[in-house]
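Please walk through the structure below with attention to its charged pairs, its second pocket and its nonpolar interior.

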Amino acid sequence: MVVNAHHHRLLLERRVPQEVPRLSPHEQPLGGFIFFCNDETMPEDFERCLFGLPRSFIDSVKGIRKGLPLFLYNYSNRCLHGVFEASSDGGLNIEPDAWINKDARSGVDVSRYPAQVRVRIRENRAPLEEDAFRPVLFHYEAKKFRLELSMSEVLATFY
């Protein structure tokens with residue numbers, strides 16, 4: 001179902017400013033998802049065949065199902081890598097020892113990115129520089145964009 005401009009504006013006005021916008025049930029179904037990394041965390045992503053995000057993203061990551069197209073945005077070099085696909089459903093602490101950091105309160109080792117999904121390469125493509133994919137994404141703040149992608153955003157970005 002297509003959302004008309006008035007309804008879309010109302011959805012945006014009701015959002016809490018610090019909330020990361022997600023696809024509305026009235027918009028297209030989930031067509032893909034972008035994870036982010038930097039030059040420091042990217043090698044572990046590939047070594048483990050695992051993408052992860054902070055705990056605050058768990059609701060979105062739990063919506064990922066096996067086979068969903070995934071992308072990895074490296075904010076160190078501002079490039080989008082992909083196409084990957086989920087080789088598991090998204091979940092919490094699939095590998096609890098990935099991206100370990102000491103918890104400030106308890107002193108226990110915990111994952112910095114416990115919202116996780118296993119991945120595999122779907123298509124080996126050259127990374128896209130930010131200028132090539134930025135216009136396609138739903139931006140809710142200057143350089144911040146929604147991580148959940150509609151099918152039309154996936155098709156416009158990589159196909």
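E40 is exposed, with a relative accessible area of 61%, where buried means under 20% relative accessible area, exposed over 50% and partly exposed in between, with a 1.4 Å probe and protein chains only. This is a predicted model, in which local features need pLDDT of at least 70 and side-chain atom pairs count only at pLDDT 80 or more, while totals for chains, interfaces and linings use all residues. Residues are numbered from 1 along each chain as its sequence is written, and side-chain values use heavy atoms, with hydrogens and water left out.

The side chain of E40 meets that of R112 in a salt bridge, at 3.8 Å from N to O; the term stands for a side-chain nitrogen of Lys or Arg within 4 Å of a carboxyl oxygen of Asp or Glu. This pair links distant parts of the chain, since E40 sits in the loop between strand 1 (30-37) and helix 2 (42-48) and R112 in the loop between strand 7 and strand 8 (115-121), 72 residues apart. Helices (H or I, at least four residues) and strands (E, at least two) are DSSP runs, numbered from the N terminus. R112, at 29% relative accessibility, counts as partly exposed. Side chains of opposite charge can pair when their charged atoms come close, and the structure holds eight salt bridges.

Another of these bridges joins E95 and R48, whose closest N and O atoms are 2.4 Å apart. E95 lies in the loop between strand 5 (91-92) and strand 6, and R48 in helix 2, so the pair ties together parts that are 47 residues apart in sequence. E95 is buried, with a relative accessible area of 15%, whereas R48 is partly exposed at 21%. R48 also meets D97 in a salt bridge of 3.3 Å, N to O, and here again distant parts of the chain are linked, with R48 in helix 2 and D97 in the loop between strand 5 and strand 6, 49 residues apart. D97 is partly exposed, its relative accessible area being 47%. Through salt bridges that share partners, E44, R48, E95, D97 and R118 are joined into one network.

Which residues line the second largest pocket? They are R55, N93, P96, N101, K102, D103, D109, V110, S111, R112 and P114, so R112 takes part both in this lining and in the bridge to E40. On a 1 Å grid over the protein atoms alone, a pocket is an open set of points where a 1.4 Å probe fits, with protein on both sides within 12 Å along at least five of seven lines, and lining residues have an atom within 4 Å of a point. The volume of this pocket is about 210 Å³, a volume being the space filled by probe spheres set on the points, which are joined across faces, edges and corners. Strand 6 (100-102) and strand 7 (109-111) each supply at least two lining residues, and strand 7 gives the most, with three. By class the lining has three nonpolar, three polar and five charged residues, where Ala, Val, Leu, Ile, Met, Phe, Trp, Tyr, Cys and Pro count as nonpolar, Asp, Glu, Lys and Arg as charged, and the others, Gly among them, as polar.

Within this lining, K102 belongs to strand 6 and is exposed, with a relative accessible area of 56%. K102 and R112 are 10 residues apart in sequence and 8.9 Å apart in space, C-alpha to C-alpha. Leaving aside its neighbours within four places in sequence, K102 is in contact (heavy atoms within 4.5 Å) with G107, V108 and D109. N93, also a lining residue, has a phi near 55°, a positive value in a residue other than glycine, and lies in the loop between strand 5 and strand 6.

In the largest nonpolar core, a set of buried Ala, Val, Leu, Ile, Met, Phe, Trp, Tyr and Cys residues joined through side-chain atoms within 4.5 Å, F33, F35, I64 and L70 touch the most other members among its 27 residues. Strand 1, strand 2 (50-53), helix 3 (58-61), strand 3 (69-74), strand 4 (79-86) and strand 8 each supply at least two residues of this core. Beyond its neighbours within four places in sequence, F35 contacts several residues, including F51, L53, I64, L70 and V117.
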